Amino acid sequence: MNALSRVTGLSPYLSATTYLAPSATISIVTEYARKGEKIVSEPRPRTLAKYSLERAVGAKMGVVVPRATVGMNSGTQIRLAHTDIQFPDFGPYRHHAEKGDPDTVSANRKAFTYMMVAAGAVPATYVAKTIVHELIGSMSASADVLALAKIEVKLDAIPEGKSVTLKWRGKPLFIRHRTAEEIAREQAVEPSTLRHAQHDNERVQKPEWLVLLGVCTHLGCVPIANQGDFGGYYCPCHGSHYDASGRIRKGPAPLNLEVPEYQFTDDSTLLVG
């Protein structure tokens, strides 16, 4: 009955009464009762698809309704101009500077816009400069690191034939006052016979002063001065022997001891770094 009432549109005018009997032999009886002498059904609403809507609108207007198409001979929708809509006038609410000649109003608006841009650009530039300055400053070395970046050594305190060990940038620094015998011996070594070929003159600025980083090039141990088979430095960790020029002569170390950047500010002062 529900299906019948939905199809015919008679659901407001029909009701169903169901009688149930206890015996299984008596079937369910359904009776339809009319509520009125005359049944008037309302017309079903017409579903307006593209074709029906186009015909209905076109028939009323007496014109062919324009369609927007996306393919060959395939209408997709109907578009109306809506030219009869009246938009409200907000003139009484506008600022007095917005009233009058449109060209004058436009010029005033541009001047105000440029002024606001200039007024905002000045503090924005200052803020950007401050942020960049602080960012670069945070990435630079701190004061204590800069203080240790260079070390000044008084050479008068180092006697001939002795070697001192200082701390520079967290690493041991060897400064050796070589004798004339050590200078002659190291300069006589042929570089082609060395594992890491370097002449003694390439490693010193003044023959009597040898400046080295005390870090073994094998595994980073600290060699011992005035030890080893060549009278220079000896690393007891794995048996690397260096001569009095810091060149590797025996053992597993692959390279000579590193020579840092240094300069002599005068005859008795050495500046490392």
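In this predicted model, Asp200 sits in the loop that connects α5 (180-187) with β8. Despite its place in a loop, Asp200 is buried, with a relative accessible area of 0%. Two side chains meet that of Asp200 through polar contacts: Arg178, at 2.9 Å, and Ser245, at 2.8 Å. Setting aside residues up to four places away in sequence, the full list of residues touched by Asp200 is Arg178, Glu186, Gln187, Ser245 and Arg247.

One of these, Glu186, leads on to helix α5. Glu182, Ile183 and Glu186 are the buried residues to look at here. They span an arc of only 100 degrees around the helix axis, and therefore lie on the same side of α5. A helix has 3.6 residues a turn, so residues three or four places apart point the same way. Ala180 and Glu181, on the other side of α5, are exposed. As for what the covered side meets, the buried residues of α5 pack against β7, β11 and β12.

It helps to step back to the whole chain for a moment. The secondary structure amounts to 5 helices and 14 strands. Of the 273 residues, 24% count as buried. Among contacts with a separation of 6 or more, 46% are made by residues 24 or more positions apart.

Strand β7, one of the partners of α5, covers residues 171-177 and is mostly covered itself, with 6 of its 7 residues buried. Antiparallel neighbours are found for β7 in both β6 and β8. Strand β6 (residues 163-168) is joined to β7 by 6 bridges, and within this pairing Leu166 has Leu173 as its bridge partner. The two strands form a hairpin with 2 residues between them, and Arg169 in the turn has a positive phi of about 55 degrees. The pairing of β7 with β8 (residues 209-213) runs over 5 bridges, and here Arg176 stands opposite Leu210.

The other two strands that α5 packs against, β11 and β12, belong to an open sheet of 4 strands in the order β9-β10-β11-β12, paired in the antiparallel sense. The edges of this sheet are β9 (224-227) and β12 (248-250); each has a single partner strand, so one side of each is left without a neighbour in the sheet. On average, and with direction ignored, neighbouring strands of this sheet are turned by 40 degrees against each other. Inside the sheet, β10 (residues 231-235) and β11 (residues 240-243) run antiparallel and are joined by 4 bridges. Tyr234 stands opposite His241 of β11.

A second open sheet, of 3 strands, has the order β5-β14-β13 and is likewise described by antiparallel pairing. Here β5 and β13 take the edge positions with a single partner strand each, so one side of each is left without a neighbour in the sheet. The average turn between neighbouring strands of this sheet is 25 degrees, direction ignored. Strands β13 and β14 pair over 4 bridges in the antiparallel sense, with Tyr262 standing opposite Val272 of β14.

Where do the nonpolar residues of these strands gather? In soluble globular proteins, nonpolar side chains tend to be buried together. The largest nonpolar core of the model has 14 residues, and those with the most contacts inside it are Val153, Leu155, Leu173, Ile175, Leu270 and Val272. At least two residues of this core come from each of β5 (151-154), β7, β8, β13 (262-266) and β14 (269-272). The strand that gives the most is β8, with 3 residues. A separate core of 12 residues lies apart from this one, and includes Val204, Cys221, Tyr233 and Cys235.

Val272 offers a closer view of the chain around the larger core. Leaving aside neighbours within four places in sequence, Val272 is in contact with Ala149, Lys150, Ile151, Trp168, Leu173, Pro260, Glu261 and Tyr262. The next residue to consider is Gly273, in the segment after β14. With residues up to four places away in sequence not counted, Gly273 touches Ala149, Lys150, Trp168, Arg169, Glu261 and Tyr262. Arg169 is also the residue with positive phi in the turn of the β6-β7 hairpin. The C-alpha atoms of Gly273 and Glu261 are separated by 5.5 Å, although these residues are 12 residues apart along the chain.

Conventions:
Residues numbered from 1 in each chain as written. Predicted model: local features only at pLDDT ≥ 70, side-chain atom pairs only at ≥ 80, totals over all residues. Heavy atoms only, no water. Pairing = 2+ DSSP bridges. Axes fitted to C-alpha atoms, helices over the stretch in contact; angles between N-to-C directions. Buried < 20%, exposed > 50% of the residue type's maximum accessible area, 1.4 Å probe, protein only. Core = buried A, V, L, I, M, F, W, Y, C linked by side-chain atoms within 4.5 Å. Contact = heavy atoms within 4.5 Å. Polar contact = N/O pair within 3.5 Å; in protein donor to acceptor, adjacent residues only side chain to side chain. Arc of directions from axis to C-beta.
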